[in-house]
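Let us walk through this structure by its side-chain contacts. Keep the sequence at hand and follow the residue numbers.

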Amino acid sequence: MQRYVCVHCHFYQPPRENAWLEAIELQDSAHPFHDWNARITAECYAPNGASRIMNWNGQIEQIVNNYSRISYNVGPTLLAWLEQEAPDAYQAILNADAESQELFDGHGSAMAQAYNHMILPLANRRDKYTQILWGVRDFQKRFGRDPKGMWLPETAVDLESLDIMAELGIEFTVFSPYQAESVREIGEEEWEDVSGGNVDPTRPYLINLPSGRTIAGFFYDGPIAQGVAFEGLLSSGEKFADRLLGGFDEERDWPQILHIATDGESYGHHHRHGDMALAYALHTIHEADEAELINYAAYLAKHELTHEALVYEDSSWSCIHGVERWRSDCGCNSGGHDWHQRWRAPLRDALDWLRDRLADEYESGAKPLLKNPWQARDKFIDVILDRSPENVDAFLTRHAGRELAGEERSTALKLLEMQRHAMLMYTSCGWFFDDVSGIETVQVVQYAGRAVQLAQELFDDSIEDEFLDRLAKAESNVPEHKNGQVIYDRMVKPAMVDLEKVGAHYAISSLFEEYGPETDVFCYHAEVLDSEELSAGRASMHTGQVRLTSRITGEADDLAFGVVHFGDHNLLGGVRPYENLRSYQELKDELSEQFNRAEFPELVRTLDRHFEESNYTIRSLFRDEQRKILNVILTSTLEETAAVYRHLHEDHLPLMHFLADINVPLPDAFEMTSEFVVNSRLRELFLDPAANLDEIDNLLSEELQWEIELDSEELGYVLSQAIDDLATDFYEDPDNLEQLDLLEDVVGLAVNLPFEVNLWRSQNIFWDVLQNRFQERLDEDSETEEFQSWRNQFQQLGEHLRVKVEG
């Protein structure tokens, strides 16, 4: 009897972008990475595109793309981030779908996903349709084919959503076994009750829909999926393979498909090196020849459906109460606190009210501009995927039926963006966790805030006040946060951005960065119309005129600015709309005269007078630029502090050596000083390790002698980045023996450190050279002395990198 194994991975991160900047700002909790997307990419998404299969000697024997041999979906908003910020990982995901078509008889392994992870059973029909359509269109654009399968967010299901999926060409989806109500053989009358997870997961089922359409449903193997997610099954690839193969039953007389579905982040992020367990398990199953690896589409192409099923509507895989986790205090939470979730219902009520209010305003505002406002919203995904001016103009021409220019063009785009954010605010993570003040919930309220801001700009109404009255009913467990209205005022309002705030950011940052005549500031474009910079000692001043344009809505404005840096963090600036040449010149002349005379108190008063309420400080900068500028400002202070610590450390070295010799622990003051000096100096040296190997060795000897606690994560990250750079240089000129020597020396250092250094990228580069250039050189000049030296050094590097090199 035929046996198949399919592992499905649902890869997803909630959108984390600032709703006004369209970019993820610095997240300190993800340190040493910039943000959590970057961290999880390094731990999971990238490794699964180049995962290691190890031999019994702990050497890398193969590097494989896991995605090509599993079934997978990646959330569209995550794919958009990966495309911009992690292009190699993004390309591996796309390449895997093409590779899987070769492996599985022309059937790709990638599945689509409803766009921004909205819980579809709780959405109205219009949003369901747009979410599913956007997921299909996003998939088509990225993978170059129509999707056959679609992942439902949280596998939350209702028949209306399934019907829309089938209408749009989706052939199958995946469910938890607990979502099956009853089954029967096609053609039979009697239904068999399979509630409580008792459905046989080794066959797919036909699901009949109200319209007469049908869709196939795969109910995954619950116990094995549970083992992967929560029971440590990924601690061993061999055990994982055994567990998968053990799921078959000799008594079944049909082609069995043993399949599981879990969060893809299990394979590397939640479980360290889980990608390698997956790679080894897939390799073992393939080599054992006890079952055939397959994806869902390929299975359906080989085998007809023989049974049908009824699903529980309003059910999901992550809430035993159905979909209550996203609308009520059902008891499901992350378990970190003994808190209520009564805030969920009023949060959803407030957003539902806002959605309906915005729908009415959208219709009334869009009718004079767009031939069919809701059809235009459905097609707006084409703009989200390509915001080039040419594509936006083509879209507006198609849907307006006439040329829209200037304010009309901007208004149409604002209306459509208002609708986009009115869907983003339903991203499921907003309700998943413990409190309304949590970062995930604040994120969805931020999207709501952006929709509210756009509505107020367009319609000048009281929508924000009415929304906040409803949001106030969402009570927080944290006393200082009180309720949703307070959270909105404290965490959302300060994040709101308009052209003036972008202008303030540009003006302040221009004192520390060299901007060209034109530059992008997040999703805004800045064009310098006039500029004057002055400096005197530690003080500097910049006045100018800049034209700012939103690359999202097309709105633009000319702004005049003046900003003064008095040294350290003391900085003051102002921004106002450009009025006319005369008033602008008066501003420039007055500020310049006072600055040149060093009349700084008068200069501050002049800034106050000219810019009134529109004064800004370093606090006004967006987070990334603020941190960058603070680092510049703090450099001299930190250098002075470090010098003091180094002086103390060096002065007391003889005494510290004596204490170590007689086995006396270092006093706390000595230990703290040494820890600071050694860690900070190693951090500096690791930026260019090849030039500093001797000093690094000396410092590490001190660390061993005095048992200094090293900042392992930070130091490992810095050294890993430096090694990646050296490996890239080697890849670009692999025949260069000197470059190879440098890389081998530094990797040799890294593998002997008392902490782990991530060598993943350098291993990938070595593997590529091994598979290609090494073989070429072996054929070309294997007898030359130069090649023998190169080969010996290359093999030594392979040993350090734990890559198997034959002969």
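Start with a salt bridge: the side chains of glutamate 417 and arginine 387 meet at 3.0 Å, N to O. The model is predicted. Glutamate 417 sits in helix H14 (residues 406–424), while arginine 387 lies in the loop between helix H12 (381–385) and helix H13 (389–400), so the pair ties together parts that are 30 residues apart in sequence.

Is glutamate 417 buried or exposed? Glutamate 417 has 1% relative accessibility, so it counts as buried. The cut-off for buried is under 20% relative accessible area. Arginine 387 has a relative accessible area of 22%, so this residue is partly exposed.

Now turn to another pair. Glutamate 408 and arginine 402 join their side chains in a salt bridge of 3.1 Å, N to O. Glutamate 408 is partly exposed, at 33% relative accessibility. Arginine 402 is partly exposed too, at 37%. Beyond single pairs, there is a network: Glu22, Arg387, Glu417 and Arg420 are joined by salt bridges that share partners.

How many salt bridges are there? The count comes to 50. One of them links the side chains of arginine 125 and glutamate 160, at 3.4 Å from N to O. Arginine 125 belongs to helix H4 (residues 125–143) and glutamate 160 to helix H5 (residues 159–167), so this pair ties together parts that are 35 residues apart in sequence. Both ends are partly exposed: arginine 125 has 42% relative accessibility, and glutamate 160 has a relative accessible area of 31%.

Next, look at a pair of helices. Two packed helices are described by the angle between their axes and the distance between the axes. Take helix H22 (residues 623–651) and H23: their axes come within 4 Å and cross at roughly 55°. That angle makes H22 oblique to H23. Which residues meet here? From H22 come His649, Glu650 and Asp651. From H23 come Leu653, Pro654 and Met656.

Stay with H23 for the last stop. Helix H23 covers residues 653–661, and leucine 655 has its place there. Leucine 655 is partly exposed, with a relative accessible area of 40%. Leu655 also helps make a nonpolar surface patch, together with Phe658, Ile662 and Val664. The patch has an area of about 340 Å².

Methods. Residues numbered from 1 in each chain as written. Predicted model: local features only at pLDDT ≥ 70, side-chain atom pairs only at ≥ 80, totals over all residues. Heavy atoms only, no water. Patch = residues over 30% accessible without salt bridge, like charges linked within 9 Å, V, L, I, M, F, W, Y side chains within 5 Å. Areas by Shrake-Rupley, 256 points an atom, 1.4 Å probe, with all protein chains shown as cover. Salt bridge = Lys/Arg side-chain N within 4 Å of Asp/Glu carboxyl O. Helix = DSSP H or I, 4+ residues; strand = E, 2+ residues; numbered from the N terminus. Buried < 20%, exposed > 50% of the residue type's maximum accessible area, 1.4 Å probe, protein only. Axes fitted to C-alpha atoms, helices over the stretch in contact; angles between N-to-C directions. Parallel < 35°, antiparallel > 145°, perpendicular 65-115°, else oblique. Contact = heavy atoms within 4.5 Å.
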